[in-house]
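Student: I would like to take a close look at a single part of this protein and then see how that part fits into the rest. Could you go slowly and explain each term when it comes up?

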Amino acid sequence: MSQSTVPNLPKPVRTLFLIVLVISPLYWLIMTEHGRLSYDQMMLNLFGKDTISLKIENLGADITEELFIEQFPDVEFVCEERKTKFGDRLCQASLGAFNELPSQHMSLFFSDNSLQALKVVYQLAYHDLAVEKMEIQVKAEGQPLDFSSEMIQWRTPAGVVLMNRIVPKRHEDAAILWIAK
């Protein structure tokens, strides 16, 4: 019969080990950006918030309201006739995440049943991550980047993506905006 022998460590060493074992994950969750992001994503999933993943560079005016909503059957869109700068019909949905970025809501703007603009309001704390994700996603398609003083602009095959360059002061301004050409 073989017996496993566990080293008998002094009590202060065991106590220190247990403290590190408990504190390390909490530190990671609270003090690191990746930890906070993971925690937020977990909580959004637990509370059943809707998630949308799509490639912005695939958006175009050829997308209809029915086609877009059909692609995301689990997301509850509320659509209404409303005159806006981008068209005559507005569809909105509450979101938990957009392309794995914690978000608040999405608005779709249609004119003559043709997608003219998409706006996603994300959580302000993740502005730098949002810029990084958009740069990776859109730049990966080989499109040039244009930088102005206040806005970052990426060209897509059928439109343009706009974001604030610096962290916005208001939550409503933390948005990704795609506009058809």
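In which loop is N113 found?

Tutor: N113 is found in the loop between strand 5 and strand 6, where strands (E, at least two residues) and helices (H or I, at least four residues) are DSSP runs numbered from the N terminus. Before going further, please keep in mind that this is a predicted model, in which local features need pLDDT of at least 70 and side-chain atom pairs count only at pLDDT 80 or more, whereas totals for chains, interfaces and linings use all residues. Residues are numbered from 1 along each chain as its sequence is written, and side-chain values use heavy atoms, with hydrogens and water left out.

Let us begin with the loop itself. N113 has a positive phi of about 60° although it is not a glycine, and D112 also takes a positive phi, near 50°, in this hairpin, which has two residues between its strands. With a relative accessibility of 34%, N113 counts as partly exposed; here buried means under 20% relative accessible area, exposed means over 50%, and partly exposed lies in between, with a 1.4 Å probe and protein chains only.

The two strands on either side of this loop are strand 5, residues 101–111, and strand 6, residues 114–122. They pair in the antiparallel sense over eight bridges, where two strands are said to pair if DSSP finds at least two bridges between them. One of the residues involved is M106, whose bridge partner in strand 6 is V120.

Strand 5 deserves a longer look, since several other elements meet it. It is mostly covered, with eight of its eleven residues buried. As a general point, the side chains of a regular strand alternate between the two faces of the sheet.

Strand 3, residues 87–94, pairs with strand 5 in the antiparallel sense as well, over six bridges, and R89 has F110 as its bridge partner in strand 5. Strand 3 in turn pairs with strand 2, residues 78–84, antiparallel and over five bridges. A hairpin with two residues joins strand 2 to strand 3, and the bridge partner of T84 in strand 3 is G87.

Strand 4, residues 97–98, is joined to strand 5 by two bridges, and the two run antiparallel; F98 has L101 as its bridge partner. These strands form a hairpin with two residues between them, and in the loop that links them we find N99. Like N113, N99 is not a glycine and yet has a positive phi, of about 50°. N99 counts as buried because its relative accessibility is 14%, while N113, at 34%, counts as partly exposed.

N113 also leads us to a helix. E65 lies in helix 3, residues 65–71, and, leaving aside its neighbours within four places in sequence, E65 is in contact with C79, R89, C91, F110 and N113; contact means heavy atoms within 4.5 Å. R89 and F110 in that list are the bridge partners already named. With a relative accessibility of 9%, E65 counts as buried.

Now we can step back to the whole chain, which has four helices and ten strands. From the N terminus on, its elements run α-α-β-α-β-β-β-β-β-α-β-β-β-β. The C-alpha trace spans about 80 × 40 × 35 Å along its principal axes. The radius of gyration, taken over C-alpha atoms and compared with a globule rule of 2.2 Å times the number of residues to the power 0.38, is 22 Å, whereas a compact globule of 181 residues would have one near 16 Å. Of these 181 residues, 35% count as buried. Among contacts between residues at least 6 apart in sequence, 46% join residues at least 24 apart.
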